[in-house]
Structures are given as structure tokens and as C-alpha cells.
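Some terms used for protein models rest on fixed cut-offs. The exchange below asks how such terms are applied here.

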Amino acid sequence: MKPANPYARSMPAIVKALLAWFSSQARDLPWRRTRDPYAIWISEIMLQQTRVAAVIPYWERWMKHLPTIEALARARQERIHRLWAGLGYYRRARNLHRAAQQIVRAARAGAPKAPVRFPSAFDEILALPGIGRYTAGAVASIAFGQPRPAVDGNVMRVLARLLAVEGNLCEKQTNSILWRHAEHLTQAAEPAGACGELNQALMELGSLICLPATPRCGACPVRRFCVAAREGRTNELPERAKRPKPQTKHFAAFICRQAGRYLARQRPAGVVNAHLWEFPNAEMPAGRTLASASRQALGGEFSLRPFGVVKHTITRYRITLRIFWAAPASGCKAARNGAGVWRTLDQLRALPFPSAHRRVLDKIAVLGEPAAVN
């Protein structure tokens, strides 16, 4: 038996205040102008660990080129990677592809001309590759109006403050309490047919008002219900988990040029940035020489000339990528051994590169090749 909800009486009033606020203050985002579950699904996957402003042009381009589940299922993986390039966490894109193919197979099983529709049942959505409880709840509530909660990091923070939920948000018990509160709220929104709007309102509140460090309590539509605001505990709640210390990594990337073409390689399956393209490179732990790194990356000794530095961040890693021209390019054994291919700049631009190596490509296009390198 579930414990009684101590905030049950307040839930309808909280929902009413949130819906009124969202109706007048919500950002005009392109995926909010549709109830197409496919379009909503794509937006939710793109928004994972990515800022809204960064997602908008990607979502619009994706929907222009792959407007339906069938179009996504038919697309070549390389095309999908190109459309995704720059968003990071490329497994998300590969899971989208796999899920679309799974939906099409299920629709066409025994009926080749059957229409392909995104599943509406929560359990069927949850069973798709790359979809967890949050995304399934978001699509089910927003696209289909179902009373399913969708609890992401922003919503956790809002609920922890609003209802004074103690404990680390990552702990199972605390997480379970927050999901239960979110479920009560969506159920309170169901009579108004506004479960999706309620979930979006909670997300929006966490994005714009109930900020991690400096919450804008004066602009909060549910401040009068907020226990943390009433008790002066907005800086204490939610309890903050200790972040892992950033780790520094150094890499060297090598540019080989031969007859107007450049050496590039595709990353294998099962690694970070799998299937994306990059320039030959090697990690540079303390004490490693450039000669050793170039031998690993290129298969021989090369005359190296510095070309620049690219710094970027992946989760907790702070990465410095030092770039070198490698000459003579005709000595690059890697290409002859099948570890790379030679492509023109235009051909490279058409390939999906991770952001750091895309910046290397941009440097080549803008600055050109040093005169001393053949």
C-alpha cells in the first residue's frame, strides 16, 4: 500500500497555477506546435543533456530531411550522423535509427502496406531502444495526453523544493518519492486533459525560474505552495551530489596531405563517437613523445609541424587536442594498411565528424597548409 500523499489537497491548486503560468509564459519552441509523436520524440532525445537553444536548428533540419518514421528507418547511418554532428552523445542518434526500424518492422509484419504509426501505449514506447522512463512519459503525456509523469533533472529540482523532498536526488528512495509526487500532479491534471502541458510546465519552471544556484522565486507561479521558499531552504534543496573531479586528457592529431587529399579514419563500433570520422590521432599521457604518438597513429616516422590547438569538454573530461601537419604524406602507411582513406576537403565536409575534429577541418579550410609542408 502506497503512503498517503501529504500534499494531496494542494495538488489541484498547484496544477492550476502551473498551467495558467505555462499558457502565458511558455517559450515558443517549434516542437510545441505539434502533437506529432514522432516530432516530439525527436525533440526529447535531442534535448537530453543539450541546451534548448542548441537543439532548435538541429531539430528543424532533422524534421526537414527526415520528416517521418519511415524516412528515418530508411536513412543510411552516415546521413543520420551528419544531421546529428555537433550534438554529441551519438548513441542517441543510433538508437533513434534502431527504434524507427523496429517500429516499421512491427507495423509491416504480415501487412507490407500497413501505415506506420508511433506506438501510443506507454509500455511499447518504453520498449524502444534509447527510451527510458522519462522520455516515454514525456511522449505519452505530450503527444497522447496520458497521465504519465516525466521527471528529468529540472523537474526533480522543482519538486524537491516545492514539496521539501530530502535526500540525494540520485538515491533510489529519493528518486522514487519524486516520481510519486510527479505522478500525483499528472493525475490531478488529467481531468483538464492537460497532462502534457503540466509536464512541460514543470520542465519550463526548472529551466527558467527554479534555477540551481539563483532561483527566481519572485517570478514563480507556485511560490505560495513552495515549502523551501517558505522555510528559506532554496539553497539547501535539493541536496547536491558531489561532482566527480574534472580529468585532463591530452591528444595529438595528425594531418597528412597527398595530392590534394587528406587522410581520415572512421572510429570503430563500441567506442565513444563510434562510426564518426576523425583525423589520425593518439593520446598523449605524461612522458609520451610525439614520435611515439605519430608511429601509433600513422605507422611510421614523420616530420611534424604544429598547426594549432583545440580544447573541448566531454562530460568530466577536459581535453586538449594539439594538431600537427605530418610530412611527407606519401609515407603514411596507415592508408595502405586499410586504417584510413584519402578524401578532399569537400568530401570530408560531407562526413560526420565529432566537434573537435570538425574544428580541425575548419582550421584547414580557413588557414590552409603551411608552406613548408608538401
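The questions and answers that follow concern one helix and two pockets.

This is a predicted model, in which local features need pLDDT of at least 70, side-chain atom pairs count only at pLDDT 80 or more, and totals for chains, interfaces and linings use all residues. Residues are numbered from 1 along each chain as its sequence is written, and side-chain values use heavy atoms, without hydrogens and water.

Q: How do you know that the reach of helix 6 is close to the expected one?
A: The expected span is 1.5 Å times one less than the number of residues. Helix 6 (a DSSP run of H or I, at least four residues) covers residues 91–108, 18 in number, and its end C-alphas lie 26 Å apart, close to the expected 26 Å.

Q: What makes Ala99 and Ile103 of helix 6 buried?
A: Buried means under 20% relative accessible area (1.4 Å probe, protein chains only). Ala99 and Ile103 are among the residues of helix 6 in that class, as are Arg92 and His97. The cover over the buried residues of this helix includes helix 2 and helix 5.

Q: Which residues of the lining are closest to the centre of the largest pocket?
A: The largest pocket has a volume of about 1,500 Å³. Its 38 lining residues include Tyr89, Thr313, Ile314, Thr315 and Arg316, the closest to the centre. Strand 6 gives the most to this lining, with four residues.

Q: Which residues lie nearest the centre of the second largest pocket?
A: Gly153, Asn154, Arg157, Leu169 and Arg243 do, out of 17 that line this pocket. About 700 Å³ of space lies in it.

Methods:
Helix = DSSP H or I, 4+ residues; strand = E, 2+ residues; numbered from the N terminus. Buried < 20%, exposed > 50% of the residue type's maximum accessible area, 1.4 Å probe, protein only. Contact = heavy atoms within 4.5 Å. 1 Å grid on protein atoms, 1.4 Å probe; cavity = no way out; pocket = protein on both sides within 12 Å on 5 of 7 lines; lining within 4 Å. Points joined across faces, edges and corners; volume = space filled by probe spheres on them.
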